[in-house]
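Please find below a colleague's note on the structure shown here. The points are numbered so that each may be taken up separately.

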Amino acid sequence: GLQARASAAPGTKSRNRQTCPNCKAMVQEGDIICVVCGTNLLTGQKVSEARKPSKSGTSYRAWAAGGGAALLLLVAAVVAWVYITTRDPVRIALELVEQGDQLKAQDVLSAYLEGQPDDTRARYVLGRIQYLNGAFAPAAQSFEQVANRDARNTDAAMWAVASYQSAGGAPIRAKQTALLEKVVTADPNNLDTMYLLAMARGAVGDTEGQIEVLRRLLTLQPENLHALWGLGLGMALGAKYRDANLELSDLSARDPSPEVLAASGLVQALSEQPEAASQRLVTVLESPGLSIRWHVLTELGRLLIRQGQYREAEQYLREAAAERGTGAEARYLLALSLEAQGLPQQALAESEALSRENGEFAGRSAIRAATLHLILDNPTSAQAALERADAAARATAQYLTVQGRVLAANGDGNGAQSSYKRAIDLDVNYAPPHLESALIYIRSSALVEGLVELELYVALMGPDFRGPQADQIRELVNQLKQTTGREA
């Protein structure tokens with residue numbers, strides 16, 4: 001027994017198991033430390049007795065633990081920086097768009113392009129995202145930069161054209177024309193773009209350029225009905241009415257569509273046949289499936305205003321605005337028809353709304369809104385409306401005349417006269433500043449000067465100047481002639 005027990009010390013083996021010499025707990029063969037009491041199974045000494053931890057050791061481990069955490073944070077930051085800077089920013093932006101965060105996507109690409117301005121791929125995608133966000137003017141600039149750097153990127157040029165159209169503003173047509181010129185130069189067989197270029201040239205008043213492009217298009221595709229239709233209109237816009245009628249008559253024999261009949265009506269309108277043109281356009285509107293219905297409605301409204309049929313014009317213009325959704329031209333003309341009917345409040349509502357939007361009619365609408373505020377005896381609001389006018393609108397005789405009226409309403413006669421003189425210098429054939437200037441002269445007893453301005457006004461208004469106001473002004477001219485010794 002004793003010998004057997006002695007031979008089993010310091011622990012008892014039973015195949016693969018033995019016991020701890022200190023606490024008698026079972027341990028596995030090959031274990032070095034007892035997990036129950038911490039005894040070193042090789043020496044029989046507890047580990048805690050062999051080396052007690054010092055305060056310095058504890059501090060080191062605490063420091064090591066804190067430093068390790070800081071190191072992990074640093075490593076994570078470096079990894080994140082590498083991830084962000086090495087990932088494709090375009091892909092990041094597109095992923096953000098897919099997640100519905102277009103604004104952040106726009107910010108990502110804008111920030112990236114500050115350091116990499118020549119990356120046309122990123123700028124093109126930025127333009128698409130800006131367009132998606134409704135930032136049409138910045139989108140147009142982004143696309144235009146891409147098109148300028150890469151003449152072969154016709155998609156960028158066409159997106160720039162569309163963006164400028166959505167952005168509005170006075171310079172859009174010239175910019176669109178320049179961009180379309182680039183596309184046609186890069187792709188001279190693109191007939192659709194060639195047609196758009198022709199229409200754009202016509203829109204900026206370059207009727208000869210419009211006709212030249214359409215003739216070039218027709219050499220490539222002689223039976224292009226749209227080009228033939230546009231050629232007829234271009235000739236009419238260039239006052240070549242006989243040639244225009246010949247073109248459209250020939251076209252109507254081959255294509256008696258409502259669009260061709262509408263073009264004939266527009267040619268009649270341009271050739272000073274407003275009544276015949278109105279009748280033609282009313283007939284055209286009865287045609288089902290008219291693709292340019294909103295345009296015909298707008299032109300008919302314009303013709304009826306010229307004929308003094310303001311109530312009828314209002315009807316067609318309201319329909320045109322509804323057809324087009326945001327038809328600015330129709331709404332501008334609608335405001336004129338309402339004003340002519342003696343409905344200044346309704347006209348003001350349309351003009352104010354348009355003056356706060358982008359587009360080529362915003363500036364003109366601001367001027368009309370100011371005029372209506374003056375009619376309603378509110379010069380403060382008139383001044384506020386004028387301040388919304390864009391640079392193009394401010395460089396007109398109409399703007400300067402209304403500015404003079406606002407100054408006169410505020411008691412600044414000298415400032416008003418200065419504005420009227422600038423308006424006359426800008427457009428010698430514009431009549432209203434002569435009338436306004438005459439009234440100020442007469443109020444200040446400068447009757448001779450007032451008479452001269454009134455006579456100029458009547459002469460510029462022409463033989464069709466009729467109605468109660470015309471009669472009153474002519475009577476005032478006669479009275480001034482008698483008073484100043486210049487008998488009628």
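The note begins with the chain as a whole and then turns to particular helices, loops and side-chain pairs.

1. Overall composition. The model is a predicted one. Its chain contains 27 helices and two strands. Buried residues make up 40% of the 488 residues. Among contacts with a separation of 6 or more, 40% are between residues 24 or more positions apart. The chain exposes about 27100 Å², of which carbon and sulfur atoms supply 53%.

2. Geometry of helix 26. This helix covers residues 447–461. Its 15 residues should span 21 Å at 1.5 Å a residue, and the end C-alpha atoms are indeed 21 Å apart, so the expected and modelled spans agree.

3. The buried face of helix 26. Gly450, Leu451, Glu453, Leu454, Tyr457 and Val458 are buried in this helix. Viewed down the helix axis, the buried residues fall within an arc of 165 degrees and therefore line one face. Their cover includes helix 24 (413–426), helix 25 and helix 27 (468–484).

4. A nonpolar surface patch. Val448, Val452 and Leu456 form a nonpolar patch of about 220 Å² on the surface. Leucine 456 belongs to helix 26. Its relative accessible area is 38%, so leucine 456 is classed as partly exposed.

5. The ends of helix 26. Serine 445 sits in the loop between helix 25 (432–443) and helix 26. Its phi is positive, near 70 degrees, although the residue is not glycine. With a relative accessible area of 60%, serine 445 is exposed. Just after helix 26, glycine 462 has a positive phi of about 85 degrees.

6. A further positive phi. Most residues other than glycine have a negative phi. Aspartate 377, which is not a glycine, nevertheless has a positive phi of about 60 degrees. This aspartate is placed in the loop between helix 20 (362–375) and helix 21 (379–387). Aspartate 377 counts as exposed because its relative accessibility is 68%, the cut-off for that class being over 50%.

7. Salt bridge in helix 16. The structure holds 15 salt bridges. One of them joins the side chains of glutamate 299 and arginine 302, at 3.0 Å from N to O. Both residues lie in helix 16 (residues 293–306), three residues apart, which is about one turn of the helix. Glutamate 299 is buried at a relative accessible area of 16%, whereas arginine 302 is partly exposed at 27%.

8. Salt bridge in helix 17. The side chains of arginine 318 and glutamate 314 meet in a salt bridge of 2.9 Å, N to O. The two residues are four apart in helix 17 (residues 310–324), so about one helical turn separates them. Arginine 318 is partly exposed, with a relative accessible area of 38%, while glutamate 314 counts as buried at 8%.

9. An exposed salt bridge, and a network. Are the partners in the pair aspartate 464 and arginine 466 buried or exposed? Their side chains form a salt bridge at 3.7 Å, N to O. Aspartate 464 is exposed, with a relative accessible area of 62%, and arginine 466 is likewise exposed at 62%. Elsewhere, salt bridges with shared partners connect Glu299, Arg302 and Glu329 in one network.

Terms used:
Residues are numbered from 1 along each chain as its sequence is written. This is a predicted model: local features need pLDDT of at least 70, side-chain atom pairs count only at pLDDT 80 or more; totals for chains, interfaces and linings use all residues. Side-chain values use heavy atoms; hydrogens and water are left out. Patches are made of residues with over 30% relative accessible area and no salt bridge: like charges are joined within 9 Å, nonpolar side chains (Val, Leu, Ile, Met, Phe, Trp, Tyr) within 5 Å. Accessible areas come from the Shrake-Rupley method with a 1.4 Å probe; for residues, only the protein chains shown count as cover. A salt bridge is a side-chain nitrogen of Lys or Arg within 4 Å of a carboxyl oxygen of Asp or Glu. Buried means under 20% relative accessible area, exposed over 50%, partly exposed in between (1.4 Å probe, protein chains only). The expected span of a helix is 1.5 Å times one less than its number of residues. The arc is that of the directions from the helix axis to the C-beta atoms. Contact means heavy atoms within 4.5 Å.
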